[in-house]
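Student: I have a structure open and would like to talk it through with you. Shall we begin with the ligand and then turn to the cysteines?

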Amino acid sequence: MRSPFRLGVTLADVQPDLRRLERRMLLRGSLSFGALTMLTGCNLGGDGAVDQALRAMLRFNDRVQAALFDPNKLARTYPASAITDPFRFNAYYPEWQVRTVDENDWKLEVGGLVDAKTPWTVADLRKLPQQEQITRHVCVEGWSQIGQWSGIPLRIFLEHIGADMRAGYVNFRCFDDYWCGIDMASALHPQTILALDFEQQPLTPLWGAPLRLRIPTKLGFKNPKYIQAIEVTRTDPGGYWEKQGYNWFSGL
Ligand SMILES: Nc1nc2c(c(=O)[nH]1)N[C@H]1C(S)=C(S)[C@@H](COP(=O)(O)O)O[C@H]1N2
Ligand SMILES: [Mo]
């Protein structure tokens, strides 16, 4: 194999080290794209052998995380007194660029492997059972905060639309051009909700109005705001941050 490094080190030489490194970081729960690229001096944008190896490792790590996921283990919940105030806004753009939509013009589209593809209004969604949670939202950038959300358990919504629960993935498309997907086991987790309310009020534009996903078993970027469409699919849909190299599973 041609050497990926100028020093003449081959991929075969570094692979055992990378594997060991990954295992160690995985055990510490600290394997991140940033750490990997820093330690190896590589980026995942290229086609080099090491880039390919890193991408393969991230996929490997996704599979391990998915296999370790316990569908019955609940994320920690908190009392109302623990809610973070003020709550921090985050998106891939600054606050002043927040996209808004008139709730009366908006309908949630559903597609893919589902029986019922009729779009849903906010009023329709509010007729389904609602569940509240106070949980910690953890952003991969290194901050976290405790918030209160309520909405429809995603499992109940998926049952209502006759989703194929063996399909594998649920994909979210947002009207700010963000998108991401989650694995079905996480979609069916009892604390995964389609949130309509934040701190007991209907979501406002900053917090993802009119509908966002709240999934406390995953990192912040797996909590899409401004949802436009939900699709049940058989293929890993990737996502905005996943495309830049973040782990697809990104569980906590
Ligand atoms: N549509 C959309 N959803 C998004 C994002 C985004 O840029 N667009 N950013 C994600 C990231 S990285 C985080 S940390 C959370 C932030 O949610 P908050 O503004 O409620 O704190 O939203 C997530 N969902
Ligand atoms: Mo984030």
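Student: By class, how many nonpolar, polar and charged residues does the shell around ligand 1 have?

Tutor: Happy to help, and keep in mind that this is a predicted model. The shell holds 21 residues, with Arg-88, Asn-90, Asp-176, Arg-212 and Lys-225 coming nearest to ligand 1. Sorted by class, they are 12 nonpolar, five polar and four charged.

Student: Which strands each supply at least two residues of that shell?

Tutor: Two stretches fit that description, residues 131-139 and residues 143-153. They are strand 2 and strand 3.

Student: How much of the area that ligand 1 exposes when taken alone does the protein bury?

Tutor: Let's start with the polar contacts. The side chain of Asp-176 places an N or O atom 2.8 Å from a nitrogen atom of ligand 1, and a polar side-chain atom of Arg-212 is 2.8 Å from a ligand oxygen atom. Asn-223 has a backbone N or O atom 3.0 Å from a ligand nitrogen atom. Taken alone, ligand 1 exposes 540 Å², and the share buried by the protein is 99%.

Student: How far from Cys-174 is the nearest cysteine sulfur, and which residue carries it?

Tutor: A disulfide needs two cysteine sulfur atoms within 2.5 Å, and a search of the whole structure finds zero disulfides. Cys-174 is in none, as its nearest cysteine sulfur is 6.5 Å away and belongs to Cys-180.

Student: Is Cys-174 buried or exposed?

Tutor: The cut-off for buried is under 20% relative accessible area. Cys-139 meets it at 9%. Because its relative accessibility is 4%, Cys-174 counts as buried.

Terms used: Residues are numbered from 1 along each chain as its sequence is written. Chains are lettered from A and ligands numbered from 1 in the order in which they are written. This is a predicted model: local features need pLDDT of at least 70, side-chain atom pairs count only at pLDDT 80 or more; totals for chains, interfaces and linings use all residues. Side-chain values use heavy atoms; hydrogens and water are left out. A residue is near a molecule or strand if one of its heavy atoms lies within 4 Å of it. A polar contact is a pair of N or O atoms within 3.5 Å; within protein, one must be able to donate a hydrogen and the other to accept it, and residues adjacent in sequence count only if both atoms are side-chain atoms. Accessible areas come from the Shrake-Rupley method with a 1.4 Å probe; for residues, only the protein chains shown count as cover. Helices (H or I, at least four residues) and strands (E, at least two) are DSSP runs, numbered from the N terminus. Ala, Val, Leu, Ile, Met, Phe, Trp, Tyr, Cys and Pro count as nonpolar, Asp, Glu, Lys and Arg as charged, and the others, Gly among them, as polar. Buried means under 20% relative accessible area, exposed over 50%, partly exposed in between (1.4 Å probe, protein chains only).
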